[in-house]
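Q: Please give me a close look at a single part of this structure. I would like to know how that part is put together and what lies around it.

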Amino acid sequence: KENVHDKIDYVFKVVVIGDSAVGKTQILSRFAKNAFSFDSKSTIGVEFQTRTATINGKVIKAQIWDTAGQERYRAVTSAYYRGALGAMLVYDITKRQSFDHVARWVDELRAQADSSIVIMLIGNKGDLVDQRVVHAEDAVEFAEEQGLFFSETSALSGENVETAFCKLLEQIHRVVS
Ligand code: GDP
């Protein structure tokens with residue numbers, strides 16, 4: 001339970017990246033507001049959302065940034081990555097191309113973000129089982145090679161979203177403490 005009297009121990013900036021339409025905005029909205037919207041672009045212009053969570057007894061305020069569509073033009077700027085301690089790198093399990101581009105996003109993170117950034121690879125739209133084209137094993141292998149954490153989620157059903165964010169925050173806490 002959270003209230004205004006809780007003292008905040010840490011504020012962690014987290015960025016959400018990945019190809020357009022993989023579900024970045026919806027994953028963020030699921031974690032920050034426990035909401036999902038089929039009319040997805042309602043959050044355009046919103047820079048970040050926050051959510052407070054208690055991890056290992058510490059009150060952590062996650063400030064989670066959304067690209068607000070900039071990734072369409074490959075115009076995600078270095079300001080977006082500045083100060084980020086964690087990244088959610090999202091692909092769509094029903095879109096092979098979005099997984100093929102994950103390596104490019106990792107390169108971008110390595111070039112632009114802090115070297116100690118914790119990266120969580122997310123295979124989203126796990127509810128679309130019949131349309132799956134990316135096997136979890138391929139993602140696990142890639143994540144192991146690159147030193148990333150990995151989870152499959154569904155922003156629609158909410159499955160694993162909370163767990164994945166909390167795991168990321170926990171790992172960031174390990175890095176900073
Ligand atoms: P973004 O461009 O990466 O921010 O993607 P959005 O969050 O705008 O989502 C793109 C589309 O995918 C929208 O139509 C969403 O409703 C849909 N979507 C997002 N997450 C899920 C999910 O987990 N399952 C399903 N079935 N659809 C999703």
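A: Let's take the sheet as our part, strand by strand, and then turn to the helices and loops around it.

A word on the ground rules: this is a predicted model, so local features need pLDDT of at least 70 and side-chain atom pairs count only at pLDDT 80 or more, while totals for chains, interfaces and linings use all residues. Residue numbers start from 1 along each chain as its sequence is written.

The sheet is open and has 6 strands in the order β2-β3-β1-β4-β5-β6, with mixed pairing. At its edges lie β2 (48-55) and β6 (149-152), each of which pairs on one side only. From one strand to the next the twist averages 25°. The element names come from DSSP runs numbered from the N terminus: helices are H or I with at least four residues, and strands are E with at least two. Two strands pair if DSSP finds at least two bridges between them.

Starting from the β2 edge, β2 and β3 (residues 58-65) are antiparallel, with 8 bridges. Within this pair, Gln49 stands opposite Ile64 in β3, and Arg51 is opposite Ala62. The hairpin that these two strands form has 2 residues between them, and Asn56 there takes a positive phi near 50°.

Moving inward along the strand order, β3 and β1 run parallel and are joined by 6 bridges; here Val11 stands opposite Lys61 in β3. On to the next pair: β1 and β4 are also in the parallel sense, over 4 bridges, and Val16 has Met88 of β4 as its bridge partner. β1 is mostly covered, with 6 of its 8 residues buried. Buried here requires 20 or more other C-beta atoms within 10 Å of a residue's own, exposed means 12 or fewer, and partly exposed falls in between, with C-beta atoms placed from the backbone.

Now for the helices that pack on the sheet. With residues in contact when their C-beta atoms, placed from the backbone, lie within 7 Å, α5 (residues 136-146) touches β5 and β6, and its direction makes about 165° with that of β6. Axes are lines fitted to C-alpha atoms, for helices over the stretch in contact, and angles between N-to-C directions run from 0 to 180 degrees.

Helix α1 (residues 24-33) has 8 of its 10 residues buried, so it is largely enclosed by the rest of the structure. Those buried residues pack against β1, β2, β3, β4, β5 and α6; among them are Ile27, Leu28 and Phe31. Just after α1, Asn34 has a positive phi of about 50°. Next comes Ala35, in the loop between α1 and β2, which counts as exposed because it has 11 C-beta neighbours inside 10 Å. Beyond its neighbours within four places in sequence, Ala35 is in contact with Ser29 and Arg30.

In α6, the buried residues are Val161, Ala164, Phe165, Leu168, Leu169 and Ile172. Viewed down the axis of α6, these fall within an arc of 130°, so they line one face of the helix; the arc is taken from the directions that run from the helix axis to the C-beta atoms. Turned away from that buried side are the exposed residues Thr163 and Arg174.

Sheet and helices meet in the largest nonpolar core, where, of 47 residues, Val14, Ala87, Met88, Leu89 and Leu121 touch the most other members. The largest share of this core, 6 residues, comes from α6. Such a core is a set of buried Ala, Val, Leu, Ile, Met, Phe, Trp, Tyr and Cys residues joined through C-beta atoms within 7 Å. Not counting residues up to four places away in sequence, Leu121 touches Leu89, Val102, Ala139, Ala143, Leu148, Phe149 and Phe150.

Two loop residues round off the tour. Lys125, in the loop between β5 and α5, has a positive phi of about 75° although it is not a glycine. Lys125 is buried because 26 other C-beta atoms lie within 10 Å. Asn160 sits in the loop between β6 and α6 and has a positive phi near 70°. Asn160 counts as partly exposed, because it has 19 C-beta neighbours inside 10 Å.

Methods: Contact = placed C-beta atoms within 7 Å.
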